[in-house]
Amino acid sequence: MQCKCCRNEVNYEQGVCPVCGFLLLGANNMPAEAVAQHKKQVLDKVTLAVKLYTYEIEDEEVKNIQENWKQVGTASVLDFEKIYWLDCGFEEIVSAESFTVTVRMSQNGTEKEQQFTFRPGKDFCRANVGLKLADGFRLQVAAGTPENSLCSDAVNMIQG
Ligand SMILES: [Zn+2]
């Protein structure tokens with residue numbers, strides 16, 4: 001069966017979901033609000049930030065490259081199968097052969113950084129960055145536009 005909360009494949013006899021701690025016994029009679037509340041509680045413990053690059057072009061040369069973090073907030077803003085688009089200025093960088101998005105995940109005072117590299121190809125002339133929730137409370141990074149996007153592999157967000 002699938003955990004109603006994180007959608008991980010679980011064995012009913014385990015009693016609670018090994019990924020998110022959701023009670024599996026009686027889960028079928030659980031009201032939707034209780035599922036939503038547990039989901040929010042788990043994801044509220046993870047804070048996300050995305051590293052952005054900004055730069056200026058002077059005399060056709062890239063100058064003044066700066067890095068800074070864009071705070072996303074807690075992971076409870078994310079949803080399954082729906083990309084949460086960030087307002088990131090990756091529009092010009094995608095003319096490069098590949099570009100990398102770094103996501104920082106913080107939970108209980110520990111931080112983990114994960115890099116996602118995209119090879120967009122020539123047709124990809126604009127790119128925004130978005131985040132998406134995958135089964136088991138994993139994270140996927142999307143790049144592109146709502147009409148045409150690439151999605152990364154899913155990585156674990158929740159530390160067990
Ligand atoms: Zn679960």
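So, to kick off: which residue in S5 is the bridge partner of threonine 102? Keep that in mind for a second. What we have here is a predicted model, and I want to walk you through its strands.

Okay, back to threonine 102. Its bridge partner in S5 is glutamine 115. That pair belongs to strand S4, residues 99–107, and strand S5, residues 110–118, which are paired in the antiparallel sense over 9 bridges. The two make a hairpin with 2 residues between them. Have a look at asparagine 108 in that turn: its phi is positive, about 50°.

Now on to strand S7, residues 138–144. 5 of its 7 residues are buried, so S7 is largely enclosed by the rest of the structure.

Who does S7 pair with? Let's start with strand S6, residues 128–134: S6 and S7 are antiparallel, with 7 bridges. If you want a spot to click on, valine 129 sits opposite alanine 143 in S7. There's a hairpin here too, with 3 residues between the strands, and glycine 136 takes a positive phi near 80° in it.

Then there's strand S8, residues 149–151. S8 runs antiparallel to S7, and 3 bridges join them. For example, alanine 142 has cysteine 151 in S8 as its bridge partner. S7 and S8 form a hairpin as well, with 4 residues between them.

And S7 also pairs with strand S9, residues 155–156, again in the antiparallel sense, over 2 bridges. Look for arginine 138 there: its bridge partner in S9 is asparagine 156.

How values were computed. Residues are numbered from 1 along each chain as its sequence is written. This is a predicted model: local features need pLDDT of at least 70, side-chain atom pairs count only at pLDDT 80 or more; totals for chains, interfaces and linings use all residues. Two strands pair if DSSP finds at least two bridges between them. A residue is buried if 20 or more other C-beta atoms lie within 10 Å of its own, exposed if 12 or fewer, and partly exposed in between; C-beta atoms are placed from the backbone.
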